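Dear colleague,

I am passing on to you the structure that follows, together with its sequence. Please look through it first, and then read the notes below it.

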Amino acid sequence: RPRISNVAFEWNTAELTGGAIYNFGSNGASSPILTGVSFERNVATVYRGGAMYNDGRNSGSSSPLLSLVIFNNNSAGRSGGAIYSDSDDGGSTSPVLFNVTFANNVAQEGGGAMYNDAGRSGTSSPFLNEVHFLQNSVQQGPGGAMYIDSSDGITHTEISGSMFVRNAADGPGGAIYSYGSKGSTELTLTGITFDRNNSGSSGGAVSSSSQDGETRLLVEDTTFSSNSGNLGGALSAVRYGSGSCLVDLRNSTTFGNLARSNGGGVYAHACTLDITNATFTGNNAGMLDGIDVWSSLGNGTIRNTIMWGGGGADGSELYLSDPPYPFDIEYSIIDGGCPTNAQCNSIHIQDPELGALQANGGPTLTVLPSPNSVAIDNGLCTLPRDQRDISRPQGNGCDIGSVESVAGLDIIFRNGFEGD
């Protein structure tokens with residue numbers, strides 16, 4: 001594999017694709033290793049990949065490995081402001097990124113920083129760890145930071161320990177847009193911070209959409225804060241036609257997000273929702289109800305979850321469509337109690353006495369309940385660890401919400417490291 005180290009690519013231009021680098025793996029393979037490289041102000045004037053185009057089409061392969069790489073102020077006339085990975089027609093593109101930063105990259109139509117294309121029987125399995133997406137944008141399309149496309153193909157994207165901050169898209173997915181049309185798309189997010197991303201459509205941070213295909217969105221140990229969109233201030237998932245759609249949200253915090261219409265935290269249509277040990281608080285739905293979660297024409301389960309202290313037109317934290325879509329809620333704290341059209345068990349309506357969103361240990365910001373909160377020891381022991389990677393239980397039972405309170409340790413966090 002070719003290696004490129006300690007090089008800067010600046011002010012390069014390609015009329016069509018790959019403003020700085022074109023990795024040509026069509027009918028072959030091209031998977032270079034890049035370390036300590038920077039890409040700044042490169043442009044693909046008309047088409048794709050402002051800095052880099054990975055061509056794995058026609059049964060080829062292009063899966064570069066990037067470490068300690070910076071993409072800044074690159075742009076594309078259509079898609080992939082920094083990187084476009086193309087595996088159309090039976091090809092494969094699975095870039096691997098460690099300690100990479102994308103800042104201020106722009107695409108006109110999709111994927112402000114990255115576009116992963118697995119169309120026409122292609123496959124794409126990107127892996128990202130400790131990657132920062134900062135202020136990337138799309139002018140007239142989806143995926144302010146990243147667009148994942150599995151039209152008639154297969155994508156499995158894994159992102160961990162990363163940050164998406166202040167990315168924006170005119171279309172769905174202020175940070176990430178995942179789309180499956182007659183294909184299969186799985187997106188796994190672990191230990192992510194989504195902060196102040198904005199969509200002019202659905203999914204202020206993340207939007208997942210399926211058209212006669214299969215989409216799976218798996219989110220764990222993640223915090224969504226101050227994101228905004230029309231539908232789903234933090235997250236939206238929508239299925240059209242046949243196929244399937246799943247959102248699995250675990251050990252995660254959704255704080256202070258805004259939907260200008262429905263679903264201040266999560267908006268789901270014709271999807272299955274599975275929410276376990278989550279905390280929703282301070283979210284807002286501007287026009288209708290579903291301050292924390294709006295679910296229509298889909299079933300689901302909510303357990304060990306706090307939904308409290310949001311703001312909306314009618315004050316409901318959770319909106320569920322009419323039967324026959326079964327929705328079970330258990331061992332949770334719901335402001336306003338069990339919602340219409342749900343089957344509820346062990347629901348608490350007392351104020352959980354939540355603190356501010358702050359550093360309470362672990363890689364992401366979280367919200368702690370007070371020592372006397374009803375959340376303490378009143379949940380099911382479903383997950384072995386909390387959002388901060390602290391083992392459950394710490395008391396006589398497991399706590400409700402994304403964090404498991406630890407006597408002594410959490411007093412320090414509540415008092416700003418000043419002790420009692």
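The notes below go from the whole chain to one residue.

Please keep in mind that this is a predicted model, and that the values given here are computed from it.

To begin with the overall make-up, the protein chain has 1 helix and 44 strands. Its radius of gyration is 21 Å, which is close to the 22 Å that the globule rule gives for 420 residues, and the chain is therefore as compact as a globular protein of that length. Along the principal axes, the C-alpha trace spans about 60 × 50 × 35 Å.

As for how the chain packs, 58% of its 420 residues count as buried. If one takes the contacts with a separation of 6 or more, 78% of them are accounted for by residues 24 or more positions apart.

Turning to the surface and the charges, the accessible surface of the protein chain comes to about 14,900 Å², and 48% of that area belongs to carbon and sulfur atoms. The chain carries 19 positive and 40 negative charges, whose mean positions are 7 Å apart.

The residue I would like to point out is Thr 305, which is placed in the loop between strand 37 (300-303) and strand 38 (306-308). Thr 305 counts as buried because its relative accessibility is 0%. Leaving aside its neighbours within four places in sequence, Thr 305 is in contact with residues that include Ile 275, Thr 276, Asn 277, Ala 278 and Phe 280, and also with Tyr 331, Ser 332 and Ile 333, as well as Ile 400 and Gly 401.

With best regards

Terms used: Residues numbered from 1 in each chain as written. Predicted model: local features only at pLDDT ≥ 70, side-chain atom pairs only at ≥ 80, totals over all residues. Heavy atoms only, no water. Helix = DSSP H or I, 4+ residues; strand = E, 2+ residues; numbered from the N terminus. Buried < 20%, exposed > 50% of the residue type's maximum accessible area, 1.4 Å probe, protein only. Contact = heavy atoms within 4.5 Å. Rg over C-alpha atoms; globule rule 2.2 N^0.38 Å. Areas by Shrake-Rupley, 256 points an atom, 1.4 Å probe, with all protein chains shown as cover. Lys, Arg positive; Asp, Glu negative; His and termini not counted. Charge placed at Lys NZ, Arg CZ, Asp CG, Glu CD.
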